[in-house]
Amino acid sequence: MTGRWLAGLLMAALVGPVMAADMPASIPFDAARSQASFSVQLLIMPSTEGRFERAEGELQALRDRRWRVRVGIDARSIVFDGPDWLGRTTRSEKFLDVDHHPEIRFVSKPFATELLAHGGDLVGRLSLRGQTREVVFRLLPSTCARPGRDCAIRVEGEVSRREFGMTAHRLTVRDRVGFDFDVFLASDLP
């Protein structure tokens with residue numbers, strides 16, 4: 001889940017040279033424009049996609065001139081573009097178990113500003129369905145001069161369902177779940 005959205009947010013911090021004293025404590029996501037989506041690969045059909053309608057987050061400036069990203073997603077806000085049975089199954093105890101685990105969280109490890117400029121691996125801890133694991137998402141290079149304002153900050157990645165305790169329907173749904181994030185910021189970077 002936790003992909004494109006996180007990575008893009010991080011790139012926005014590199015719009016220009018930033019002095020540690022000038023860095024804000026945090027830059028919140030623009031929740032109305034940011035998106036978190038996912039894809040599930042079925043064994044006998046093409047992949048199907050869904051999205052979370054409620055996600056929030058922030059880019060935090062650290063004292064050592066590094067950054068950290070925090071993301072929170074309301075798992076109950078899932079909207080599935082695939083068959084109705086797959087949407088019900090995704091919400092059920094066999095998969096996301098949204099009734100018992102309504103929140104998905106990602107907190108990155110601190111990272112250098114260079115990651116925002118050039119893209120690369122974004123490492124952090126993903127909490128999903130009551131399990132927390134270290135994951136690696138990919139921050140993509142920016143496509144505009146002011147990422148997070150003029151274009152989305154893009155993050156993508158995959159997680160293993162099995163590693164988060166989702167082992168049901170192994171004969172019909174592949175293990176890897178793709179996540180994409182398109183992040184816009186609520187304010188300009190310094």
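1. Asp97 is buried in this predicted model (buried meaning under 20% relative accessible area, exposed over 50% and partly exposed in between, with a 1.4 Å probe and protein chains only), and yet Asp97 has no salt bridge. A salt bridge is taken here as a side-chain nitrogen of Lys or Arg within 4 Å of a carboxyl oxygen of Asp or Glu. The nearest side chain of opposite charge, that of Arg129, is 4.9 Å away, where Lys and Arg count as positive, Asp and Glu as negative, and His and the chain ends are not counted.

2. Asp97 sits in the loop that links helix 2 (84-91) to strand 7 (103-108); helices (H or I, at least four residues) and strands (E, at least two) are DSSP runs numbered from the N terminus. When neighbours within four places in sequence are set aside, the contacts of Asp97 (heavy atoms within 4.5 Å) are Thr90, Arg91, Ser92 and Arg129.

3. Strand 7, at the end of that loop, has alternating side chains: Ile104, Phe106 and Ser108 point to one face and are buried, whereas Glu103, Arg105 and Val107 point to the other and are not buried. In a regular strand, such alternation between the two faces of the sheet is the general pattern.

4. Strand 7 pairs with strand 5 (residues 67-74) through five bridges in an antiparallel arrangement, pairing being assigned if DSSP finds at least two bridges between two strands. Within this pair, Val107 of strand 7 is the bridge partner of Arg70. Strand 7 also runs antiparallel to strand 8 (residues 120-128), with four bridges between them, and here Ser108 has Gly124 as its bridge partner in strand 8.

5. Phe179 belongs to strand 11 (residues 173-183) and is buried, with a relative accessible area of 6%. Its C-alpha atom is separated by 9.3 Å from that of Arg51, although the two residues are 128 apart along the chain.

6. Overall, the protein has three helices and eleven strands, and 47% of its 190 residues count as buried.

7. On confidence, the average pLDDT (the predictor's confidence in each residue, from 0 to 100) is 79, and 78% of the residues score at least 70. Over residues 1-21 the pLDDT is below 50, although this stretch has 117 contacts in the model beyond near neighbours in sequence.

8. Because the model is predicted, local features need pLDDT of at least 70 and side-chain atom pairs count only at pLDDT 80 or more, while totals for chains, interfaces and linings use all residues. Residues are numbered from 1 along each chain as its sequence is written, and side-chain values use heavy atoms, with hydrogens and water left out.
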